[in-house]
Amino acid sequence: MRALVVDHSEAGPVRFADVDEPEPATNEALVEIRCIGLNLGEVKFADQWPAGAVHGHDAAGVVVRAASDGSGPPEGARVALGMAPSAWAERIAVSPAWLGTVPGGVELADAAALGIAGVTALRVLRKRSLLARDVLITGASGGVGHFAVQLAAMAGARVTALVGSTDRAAGLRELGADAVVTDLAKIEGRFDLVLDTVGGPQLARVWSLLAEGGAIHLVGFASGQDTTFPQGSLFAFGEPRTIATFGDTSPTSKEMTDLLGLVAAGRLSAPIGLRGDWKDVDDAIGALFARKVHGKIVLEVS
């Protein structure tokens, strides 16, 4: 069968290859993949995976053989995978711990767009009550940002979305942002929670906008730059402020089920900025690296 595998050559980061058919263990389902979702991190840092390994973590498809031990969804169920290993293949063997059942009325393409970005946003925003809190989402036009804006607003937060340019601000107010800004210098007030996907010098400026008892959760470093905090800026009186890393890669079935339920109820959308065929994966990755896509990239497995 065909799969997208890690390629460490200059032609990479992935290439098509013929790989062996999966052989499910008793506690694994066999899933036929119909759509895959791309994330910047997994293609930008593909060299951290072994060359030739089946790559990718987000996808959606149909169970063609249920787990023989009786666990997980039945044959014929439509399912979505989030953060699952080796997802970009025509068929995969996967534990039900990584699967969410796709409700009727939800397209598999939308389900494939949730994955890493949706689960990351949901897990971070569940760290504290957001009702009537001030929340800042940096890099709000990206995959995690789109979901974080919606989920924070849904939880009752006052949401400020920070983007790199005015052309990347489109649609964020409709998703629930109370304010959309391109310049931190224009922000007045303080934030109780910050979900930061950018890092770099901007992170030090965001720290200065954190309220007493507030927290910054680091979920990415899109800037690729170092962060330097001015002398004395990490000392303050009052309730402690914190910076927390995020790297929770535990099974995602519960979060995927919750996210899919919100999509089915019309309360959460999965903005897809580019939809195509997986045979054009190189062009899609190029558009992702060039930051030409607002939202997620979803490719159909032809």
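**Helix H7 and some loop residues**

User: What span does helix H7 (residues 253-264) reach from its first C-alpha to its last?
Analyst: In this predicted model, H7 has twelve residues. Helices (H or I, at least four residues) and strands (E, at least two) are DSSP runs, numbered from the N terminus. The expected span is 1.5 Å times one less than the number of residues, here 16 Å, and H7 comes close to that, reaching 16 Å.

User: Within what arc do the buried residues of H7 fall, seen down its axis?
Analyst: Buried means under 20% relative accessible area, exposed over 50%, partly exposed in between (1.4 Å probe, protein chains only). The buried residues are Glu255, Met256, Leu259, Leu260, Leu262 and Val263. They line one face of the helix because the directions from the helix axis to their C-beta atoms fall within an arc of 155 degrees.

User: Which elements do the buried residues of H7 pack against?
Analyst: Contact means heavy atoms within 4.5 Å. The partners are E5, strand E7 (99-101), helix H2 (108-112), helix H3 (115-125) and helix H4 (143-154).

User: Is methionine 83 buried or exposed?
Analyst: Methionine 83 sits in the loop between strand E5 (78-81) and strand E6 (91-94). Its phi is positive, about 65 degrees, although it is not a glycine. Its relative accessibility is 12%, so methionine 83 counts as buried.

User: What is the relative accessible area of serine 86?
Analyst: Serine 86 also lies in the loop between E5 and E6, with a positive phi of about 55 degrees. Serine 86 is partly exposed, and the value is 34%.

Residues are numbered from 1 along each chain as its sequence is written. Local features need pLDDT of at least 70, side-chain atom pairs count only at pLDDT 80 or more, and totals for chains, interfaces and linings use all residues, while side-chain values use heavy atoms, with hydrogens and water left out.
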